[in-house]
Amino acid sequence: MVGVIRRMNKLNALLGVRNGPGAAILPSEVTRIHLEFAHKFNDGHMGPRKFWREALPRLKFWNPAVPMVVNRSHDQSGPATLSLYFREPGATVQPDSAMPSSSTEGDAKAPPPAEGEIVVTIDMKHRRSDMILKDFLAKSGAVPVKPTPQEESLMRDVQELEERGKVDRERVKKMIDHEKREKALMAQAHSEAAAIKAAL
Amino acid sequence: MASTTRCLASLARLSLSAPARPTVVSTIPKFLVPSVAAPFVRHAGAGGMRKKPVKKKKAYKTFRSYDMSDVETYSLCDAMRYLRAFEVGQPPTVSKYELHVKLKTNKSGPVVRNRIILPFPVKTDTRIGVICPEELAAEAQQLGAVAVGEESLFQAIREGNIRFNKLICHADSQDALKKANLGKILGPKGLMPSAKTKTITSDIKATVKELIGADEYRERNGVVRMAVGQLGFTPKMLSDNVKSLMSSLKHDMAKLDDSTTKALDDVVLSSTHGPAFSLNGTFAPTDEAITPEHLQSVM
């Protein structure tokens, strides 16, 4: 089993899922979110993929009750859209009404809005993930979460550890390279000696 | 005393006027002297090729155990909240929650190993076919079998219409199965019922139940690892599964003989794409704004 210290260092990096681009609390009017894009990045699907990988986990952490469904298809020429479902003021919407769960085969299409719901779509194709996020925050009215002073100091610690790790990695790499070089030299010398012996 | 020995040593050095070792005294260069002519000189073994003593590693009898007092632990709902964030957008039946239970145990000796039927089965793609006399077919179908019968099922198999991935056979139909000559079709697929794999049975109900729900767990390198839930499970379902696994484990550990002692060290919840969280045994989320109901939305 992975050692405790290494595991704890990794968990400190969880700060990254609490803070950063996408850490925002959605207003209560947002009922659900649906994303649709292709598996690979060509034909303008890089931005949506990045948005899913980077911003969506943070959004999910801060809004665990909001269903966020990703529908990935193998059709690269297909659309890349984000659908935001809003509750109309005064209306009550059944939670999770007819929402399919995420799919990798492209069969979880965005459902039509339920009664008392409106849909706002964002076209994500050929756009960078940060632009998508900016658009998303503006259209959804989400409030970004600021890190607490405690978290900020923890973040600095994590960064320090990362920097120290970089120094250590270089040092160890030098050592390993040196060892490898010596080994190679020895092997070459041995093979040359064997060749001379064979020639005699 | 020390001063006299030092004095003696210096005296001895003074008295050595001739060289200690005989040398070849001649006009020819040293490297031309044939080796036979050189006096037999045996070099002392000091220095040179002597092997360094290999440092002996201390052999530990038990697996390494860490000081867990500084380790951050999480309640089940907190860990689920994080894991659901990491798994967002993954199909909920594909991504799984997994439990890793570290034990305080010796490296050698008996291991914990058992089968368990979880309250909420993790594997859902088990489709069972039952070969049984036609009068038992209705009962088997009720238990969840997708294909039942005797001659009708054989015909379907011959036509290549195999909709199941587990096949069991009632003891009364054993002869019919032998006569049907299906070994060529079922054998390569690993579906041929046999007594050895306990797929020929007289109690269909128990076997079906075991095939559907039972999962095997086993201790490897001091850790028991097992999938305990799908990502779509509610906190309550996952907690039931974790509890049932833990009680089964404790039961197994108590059953071992007295000479081997095993104890729980660490219980860790992880998921297919997520990091690992040490659990502290509590259930409720620490954030007041979050309730367990929030953690059961569609993934």
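# A cavity between two chains, and the domains around it

In this predicted model, the largest cavity is lined by residues of chain A, namely A:Met1, A:Val2, A:Val4 and A:Arg7, together with residues of chain B, namely B:Ser65, B:Tyr66, B:Met68, B:Lys102, B:Asp265 and B:Asp266. The volume of this largest cavity comes to about 40 Å³, and a search through the whole structure finds 2 cavities of 30 Å³ or more.

Since both chains contribute to that lining, a reader may turn next to the way in which chain B and chain A meet. At this interface, 32 residues of chain B are in contact with 31 residues of chain A, and the area buried between chain B and chain A is about 2,600 Å², with carbon and sulfur atoms giving 68% of that area. On the side of chain B, the three residues B:Tyr82, B:Val88 and B:Val298 supply 24% of the area that chain B buries against chain A, which is more than any other three residues supply. Between chain B and chain A the rule finds 0 salt bridges, whereas 5 residue pairs are found in polar contact, counting pairs with both residues at pLDDT 80 or more.

Within chain A, the domain assignment gives domain 1, made up of 1-19 and 148-200, and domain 2, which covers 24-146. The centres of these two domains of chain A, taken over C-alpha atoms, are separated by 39 Å. How many residues of domain 1 of chain A are in contact with domain 2 of chain A? There are 5 such residues in domain 1 of chain A, and they are in contact with 5 residues of domain 2 of chain A. The area buried between domain 1 and domain 2 of chain A is about 460 Å², and carbon and sulfur atoms give 54% of it. Of the area that domain 1 of chain A buries against domain 2 of chain A, 79% is supplied by A:Val17, A:Arg18 and A:Asn19, more than by any other three residues. The residues on the side of domain 1 of chain A that touches domain 2 of chain A divide into 1 nonpolar, 3 polar and 1 charged. Across this interface within chain A the rule finds 3 residue pairs in polar contact, both residues being at pLDDT 80 or more, while the count of salt bridges between the two domains is 0.

Chain B is likewise divided into domains, with domain 1 comprising 68-117 and 216-299 and domain 2 comprising 124-213. The centres of domain 1 and domain 2 of chain B, again taken over C-alpha atoms, are separated by 34 Å.

Conventions. Residues are numbered from 1 along each chain as its sequence is written. Chains are lettered from A and ligands numbered from 1 in the order in which they are written. This is a predicted model: local features need pLDDT of at least 70, side-chain atom pairs count only at pLDDT 80 or more; totals for chains, interfaces and linings use all residues. Side-chain values use heavy atoms; hydrogens and water are left out. Domain bounds come from an automatic or database domain assignment. Contact means heavy atoms within 4.5 Å. Buried area is the accessible area (1.4 Å probe) that two parts lose on being put together, summed over both. A salt bridge is a side-chain nitrogen of Lys or Arg within 4 Å of a carboxyl oxygen of Asp or Glu. A polar contact is a pair of N or O atoms within 3.5 Å; within protein, one must be able to donate a hydrogen and the other to accept it, and residues adjacent in sequence count only if both atoms are side-chain atoms. Ala, Val, Leu, Ile, Met, Phe, Trp, Tyr, Cys and Pro count as nonpolar, Asp, Glu, Lys and Arg as charged, and the others, Gly among them, as polar. On a 1 Å grid over the protein atoms alone, a cavity is a set of points where a 1.4 Å probe fits but cannot get out, and a pocket is an open set with protein on both sides within 12 Å along at least five of seven lines; lining residues have an atom within 4 Å of a point. Grid points are joined across faces, edges and corners, and a volume is the space filled by probe spheres set on the points.
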